[in-house]
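Here is a walk through one protein chain, starting with its rings and moving on to helices and a sheet. Keep the viewer open as you read.

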Amino acid sequence: AVAIEDLRSASRNGSVAIPALRALLQRTAEEGCGRLHVLCTSRIVPPELVGLQSGLLLSLDLTEMGTEDGVSLMRRKAIRGRSDRVTRLVRKLRNHAYSISLMSDLLRTAYRGDVRKADAVLGSGAAMDAPLKSILNWYQGRLDEYSQTFLQAVSLFRTHVGLREIAALIPHLVTEHSSRKTKLEPALPLVAAELRSSGLLYENLDRESGVLVFAMHPLIREYFYTQITSPATFHLEAARIIEGSVPENPDISNLEQLTLMRELIYQALGAGDVELAWRVYRERLGGYPRIGYELADHPLGTSIIEMFLEHVDALIEILPTPAIYDLFVDGALYLKNEGRLDDGITTLERLITLSRRLGRDDDRLASALLVKAGIEMLRGHISASGASIRSADDIFKASDAHIEHQASTRIARELVTRQATLDVVRGRDAAGEFARAALMS
């Protein structure tokens with residue numbers, strides 16, 4: 001048996017980041033691996049496994065615990081009191097596994113495990129509608145400012161962060177509010193240990209670097225992130241810190257460097273520096289040719305493009321039109337290669353709608369339509385594929401657009417159904433450039 005705790009997500013949709021692990025999970029779920037059993041935990045079901053009906057995949061939702069299991073968890077965390085009180089508390093927490101764990105840690109560290117003190121934390125009335133927020137409000141009122149600042153520093157990062165980066169950010173966060181008068185900074189490892197004991201922080205040993213790194217539950221990250229008055233300023237500082245940690249030309253086969261570059265893009269976008277984020281993706285990571293073709297890490301590519309597409313208005317305002325087209329088309333290709341054909345088509349439909357707001361670029365719009373046609377063909381949407389090709393045809397006729405060599409060969413190399421697509425457009429002179437590109441590969 002193989003046990004994998006907390007699958008590392010390369011994107012918000014939960015795709016598995018490591019190609020070899022992704023392949024193992026897919027093969028095990030689809031065909032089995034002899035007597036090998038794989039047990040893994042993840043906050044959401046990875047999309048690679050969604051919809052598999054082989055009978056080899058068993059998915060258990062642990063978000064809502066059974067009441068007995070919730071009581072058992074609290075007892076294991078040294079919660080004392082009458083059984084009916086513990087049972088009632090589990091139900092007050094809506095059987096939410098993380099809330100039960102966090103409340104147990106709170107009661108153990110602050111009240112020596114006395115279950116009766118839970119009412120003082122949760123209060124009554126409206127507070128019962130959001131028990132986790134009540135727990136976090138309790139912590140906010142009792143944690144010293146340095147501990148809160150530590151949590152805010154961690155909340156600025158998309159994934160995990162080491163003590164070196166936290167130490168560099170804390171002085172900037174402390175001076176954000178003039179009321180903060182921290183004179184003696186406690187040792188960071190001590191603060192981290194206390195926060196980990198409270199359940200607010202996760203601690204792991206990074207296998208690549210051998211350094212302790214910290215992360216937090218997404219709900220806790222969101223809570224403490226909202227406490228930062230001007231997050232863009234600190235994202236910019238975080239970007240500067242990360243830039244000093246990676247070479248100008250990173251080794252994309254090095255997982256640590258790859259993770260830092262993705263984090264740098266996240267920080268640059270959070271700081272509003274869209275141009276820096278674009279340069280990192282296109283020039284330092286190599287864009288789709290390196291991430292998609294050379295590395296074949298399509299979930300990584302998807303996660304990066306999704307970060308960009310959360311800032312569409314800024315992209316339109318700052319980036320040149322060709323860059324915006326390339327981001328959307330790259331995103332659709334990553335999604336297609338993950339098997340997420342519908343999402344790839346939706347991404348390109350979104351681009352086509354946005355094209356009215358972009359500067360004119362007939363070459364790239366035609367390229368996007370032809371990529372869309374290929375994905376629709378893979379999906380079995382023959383009529384839709386033909387319509388996309390006819391739309392590209394119209395662009396050729398209206399403007400004599402000539403698909404650039406690089407874009408056309410990328411399409412030809414990428415679309416595994418190019419021959420079927422060509423059959424649809426055979427005889428249509430307007431699609432000649434696409435046909436010639438396909439024949440070149």
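Searching the whole structure turns up 8 aromatic pairs. The rings that count are those of Phe, Tyr and Trp (its six-membered ring), paired if their centres lie within 6.5 Å; planes under 30 degrees apart are called stacked, over 60 edge-to-face, and the rest tilted. Two of these pairs share Y288, and they look like this:

| Pair | Centre to centre | Angle between planes | Type |
|---|---|---|---|
| Y288 and Y293 | 5.1 Å | 80 degrees | edge-to-face |
| Y288 and Y334 | 4.9 Å | 45 degrees | tilted |

The pair of Y288 and Y334 ties together distant parts of the chain: Y288 sits in helix α14 (residues 287-294) and Y334 in helix α17 (residues 321-337), 46 residues apart. Helices here are DSSP runs of H or I with at least four residues, strands are runs of E with at least two, and both are numbered from the N terminus. Y288 and Y334 are both buried, where buried means under 20% relative accessible area, exposed means over 50%, and partly exposed is anything in between (1.4 Å probe, protein chains only). For Y288 the relative accessibility is 0%. Y293 is partly exposed, because its relative accessible area is 27%. Elsewhere, ring pairs join Y111, W138 and Y139 into a cluster.

A word on what you are looking at: this is a predicted model, in which local features need pLDDT of at least 70 and side-chain atom pairs count only at pLDDT 80 or more, while totals for chains, interfaces and linings use all residues. Residues are numbered from 1 along each chain as its sequence is written, and side-chain values use heavy atoms, with hydrogens and water left out.

Zooming out, the chain's secondary structure comes to 23 helices and 5 strands. Of its 441 residues, 50% count as buried. Take the contacts (heavy atoms within 4.5 Å): among those between residues at least 6 apart in sequence, 68% join residues at least 24 apart.

Now for helix α9 (residues 188-198). Which of its residues are buried? They are L188, V191, A192, L195 and S198. Viewed down the α9 axis, these buried residues fall within an arc of 125 degrees, so they line one face of the helix; the arc is taken from the directions from the helix axis to the C-beta atoms. The general background is simple: an α-helix has 3.6 residues a turn, so residues three or four places apart point the same way. The buried residues of α9 pack against α4 (97-111), α6 (131-142), α7 (145-155), α8 (163-174) and β5 (212-215). Right after α9 comes G199, which has a positive phi, near 90 degrees.

One of those packing partners, α4, deserves its own look. Its 15 residues, at 1.5 Å a residue, should span 21 Å, and its end C-alpha atoms are indeed 21 Å apart; the expected span is 1.5 Å times one less than the number of residues. The buried residues of α4 include Y98, I100, L102, D105 and L107. R112 follows the helix, and its phi is positive too, near 55 degrees.

What does D105 of α4 touch, leaving aside its neighbours within four places in sequence? Its contacts are K77, Y139, S197, S198 and G199. D105 is buried, with a relative accessible area of 6%. Seen from the other side, S198 of α9 contacts L102, D105 and Y139, again leaving aside neighbours within four places. S198 is buried as well, at a relative accessible area of 7%. A polar atom of the S198 side chain also lies 3.5 Å from the backbone nitrogen of L200.

Then there's the sheet. It is open, with 3 strands in the order β3-β5-β4 and antiparallel pairing; two strands pair if DSSP finds at least two bridges between them. At the edges are β3 (161-162) and β4 (202-205), each pairing on one side only. The antiparallel β4 and β5 are joined by 4 bridges, and E203 has F214 in β5 as its bridge partner.

Last stop: D69, in helix α2 (residues 67-76). D69 is partly exposed, with a relative accessible area of 47%. Its C-alpha atom is separated by 9.4 Å from that of V90, 21 residues apart along the chain.

Key
Polar contact = N/O pair within 3.5 Å; in protein donor to acceptor, adjacent residues only side chain to side chain.
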